[in-house]
Amino acid sequence: ILAVIVILISSWLLGTNRSVDRIAHAGGGYKSWQYTNSLDALEFNRNHYNSFEIDLSWTSDGTIVCMHDWKTTAELIFGRRFPYPPSLLEFEQLVAQNPHVKSCTLQTLAQWLESHPQKRLVTDIKSDNLKGLQLIRDTLKRAPEQVIAQIYSPEEYLPVKEMGFQNIIWTLYRYPLDVEEILIHATRMELYAIAMPRELVELGLAQRLANVGVLSYAHTINTSRELNHVRQLGIEEIYTDWLPSR
């Protein structure tokens, strides 16, 4: 019991002495577009955010690129359908031919982060998360410091810590909506924050997490009215397409 009390007090003290960045969702909105996960979005938003969530999907030859999915989003960006994921070379050719936005590969994303060392990547890997995080760890020179690794279940926490990532967000959009179970797991991990969809905010999870010193994000929040509402329910910060942090 004493050990649990010590953990809770330490977590509370940590939570009261640090702030968290607002996170640009999918690189942030670009012109009238959402979900571009593009170099254009990163450049367009770099003076307004320090942390950028990027969706990462696998190519057919085993690497990850900045793409939310190979169905609706890829068709919107490239103007064609994808019955199966392209190879990295095919993806690079599509990017070169696209007059609207330049979607990033892992290499071009790494180059952008290296040239903007004060910015941070928040990962959202759509499948094989541990494999993808290891690939990021091997590719980005300052990955442990510059990457906030998202996990989707408590079972991923220790493997990701062992990779050396210093900041971890547990995102709940794939996890069963069981508030009591989430609270139990949350106090057993040293997390940067927990991210949750609106329905969990409305169930009071953010306030209960705040009571034990765990900071939380809501996604995706795109109006000031929504922002004020979720903050009243205990949310510390948000993922957003359009609301700049400064």
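Select helix H5 (residues 106-115) and helix H6 (residues 129-139): H5 passes H6 in a right-handed crossing (the near helix is turned clockwise from the far one by less than a right angle). This is a predicted model, in which local features need pLDDT of at least 70, side-chain atom pairs count only at pLDDT 80 or more, and totals for chains, interfaces and linings use all residues. Residues are numbered from 1 along each chain as its sequence is written, and side-chain values use heavy atoms, with hydrogens and water left out.

The axes of H5 and H6, lines fitted to C-alpha atoms over the stretch in contact, come within 11 Å and cross at roughly 50°. The two helices are therefore oblique (not under 35 degrees, over 145, or 65 to 115).

Next, show the side chains at the contact (heavy atoms within 4.5 Å). Leu106, Gln107 and Ala110 come from H5, and Leu135, Ile136 and Thr139 from H6.

Stay on H5 and pick its buried residues (under 20% relative accessible area, 1.4 Å probe, protein chains only): Leu106, Leu109, Ala110, Trp112 and Leu113. They cover an arc of only 160° around the axis, so they sit on the same side of H5; the arc is taken from the directions from the helix axis to the C-beta atoms. Among the elements they pack against are helix H2 (39-45), strand S4 (120-125) and H6.

Then move to helix H9 (residues 179-186), where Val179, Ile182, Leu183, His185 and Ala186 are buried. Their arc is 165°, so they line one face of H9. Strand S6 (167-171), strand S7 (193-197), helix H10 (198-202) and helix H11 (205-211) pack against them.

Note on methods
Axes are lines fitted to C-alpha atoms, for helices over the stretch in contact, and angles run from 0 to 180 degrees between N-to-C directions. Helices (H or I, at least four residues) and strands (E, at least two) are DSSP runs, numbered from the N terminus. Buried means under 20% relative accessible area, exposed over 50%, partly exposed in between (1.4 Å probe, protein chains only).
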